[in-house]
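Dear colleague,

I am passing a structure on to you with this email, and I would ask you to open it first and then read the notes below beside it.

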Amino acid sequence: MLTPITGRSVVVTGASKGIGKGIARVFANQGAKVLIVCRTASEGEACAAEIGNGASAFSADISDWDGAQAMAEAAVARNGGIDILCANAGIFPQTNIEDMDPGEWDVVLGTNLKGNFLSVKACLPHLKKSDQGRVVLTSSITGPVTGFPGWSHYGASKSGQLGFMRTACIELAKHNITINAVLPGNVITEGLAELGEEYQKSMAASTPLKKLGVVEDIGNAALFLASKEANYITGQTIIVDGGQILPESLEALE
Ligand code: NAP
C-alpha cells in the first residue's frame, strides 16, 4: 500500500488522451490535484470533465518555452504549487529516413525531447519548493531498447530523454527531487489505433503476455515512481511492455 498522494499538485503533459489521460486518471482517483495539459483546448476540457475529482485543463504547446512556462504558472495558480510533473506529451509520425523531410525530424525532437526539457525547466522552481518533488518521464522501449522502421527520429528522441534524465537526476538530487522514466511497450491509445489493426495484432502476438497494455498500466507505474515509497529511486527506468523486449526469436514465443 502506497502512502496516499491526496492533495498533491500534479502536472500531466499530453493528458487529453492516451497514456497521459490514463496517468491523469490514476492520479486524480488517488485524490491528487491534476492539471491536464495539451494543445487542443476542447479535448483537454472534455478530458477534465470525464476524469472529474477536481482535475482541470490547460492548453499549452510544451515544445515552446512560453507554453511550458504558462503551464507551470497555471498549475501554481490553480493548485498551489507543483509536486509532481509527468512529462508525457509525445508524437510518433512514421517515416523512413529516405523519405523524411528534415523539418519532420525537428518537430519530433522538438516535442518529445526539447519539450521534456522545457517542461522540467519550467516546473523546476516550483518542484524545488515541494517536500516530495517528482518528475516522471514517459519514454518508450522504441529507441532505448528496440527499433522499428519509420521511427528513427522518434527512437532518437526517446533515447535522448534517458540521456537527459541521467544528468537531470544529479542536478535535481540536491533539491531532493527524483526523476525517473517509464518505458511503455505497445499500449492501446488513440495514437496507436491510427497505426491500424494489423499493427496492433502483430504487436500483441510478439508479446509474451499476448496482449497490448492499457493506459492505467503506465499510470500505475508513474504513481509508484511519484510515491513517497519511491523516495530513494532516481535516474532509473521501468519497462512496462508485457515482456515484449525479451523473446530472442519467434520460436521463443511458441
Ligand atoms: P496520443 O494518444 O497521440 O496522445 C498524445 C497527447 O499529447 C495528446 O494529449 C496531445 O494533445 C498531446 N500533445 C502532443 N503534442 C503536444 C505538444 N506539443 N504540447 C502539448 N501537448 C501535446 O499519444 P500516446 O500514445 O498516449 O503517447 C503518449 C506518450 O507515450 C508519448 O510520449 C509516446 O512517445 C509514449 N509512448 C506511447 C506508446 C503507445 O503504445 N501508445 C508506447 C511507448 C511510448 P494535443 O494534440 O491536443 O496537443
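The expected span of a helix is 1.5 Å times one less than its number of residues, and that definition is needed for the first thing I looked at. Please keep in mind throughout that this is a predicted model.

Helix H1, which covers residues 18–29 and so has twelve residues by the numbering of the model, reaches 17 Å from its first C-alpha to its last, close to the 16 Å expected. Ten of the twelve residues of H1 are buried, which means that the helix is largely enclosed by the rest of the structure; among them are Ile19, Ile23, Val26 and Phe27, together with glycines such as Gly18, Gly20 and Gly22. After H1 comes Gly31, whose phi is positive, near 90°.

H1 also takes part in the largest pocket, since it is one of the elements that each supply at least two residues of the lining, the others being strand E2 (33–38) and the helices H5 (152–173), H6 (190–193) and H7 (197–205). This pocket has a volume of about 1100 Å³, and of the 48 residues that line it, Gly90, Ile91, Phe92, Thr189 and Gly191 are the closest to its centre. Its lining divides into 20 nonpolar, 21 polar and seven charged residues.

The second largest pocket has a volume of about 150 Å³, and of its 13 lining residues the closest to the centre are Lys211, Leu212, Gly213, Asp241 and Gly242. Here the lining is made up of five nonpolar, five polar and three charged residues.

With best wishes

Terms used: Residues are numbered from 1 along each chain as its sequence is written. This is a predicted model: local features need pLDDT of at least 70, side-chain atom pairs count only at pLDDT 80 or more; totals for chains, interfaces and linings use all residues. Side-chain values use heavy atoms; hydrogens and water are left out. Helices (H or I, at least four residues) and strands (E, at least two) are DSSP runs, numbered from the N terminus. Buried means under 20% relative accessible area, exposed over 50%, partly exposed in between (1.4 Å probe, protein chains only). On a 1 Å grid over the protein atoms alone, a cavity is a set of points where a 1.4 Å probe fits but cannot get out, and a pocket is an open set with protein on both sides within 12 Å along at least five of seven lines; lining residues have an atom within 4 Å of a point. Grid points are joined across faces, edges and corners, and a volume is the space filled by probe spheres set on the points. Ala, Val, Leu, Ile, Met, Phe, Trp, Tyr, Cys and Pro count as nonpolar, Asp, Glu, Lys and Arg as charged, and the others, Gly among them, as polar.
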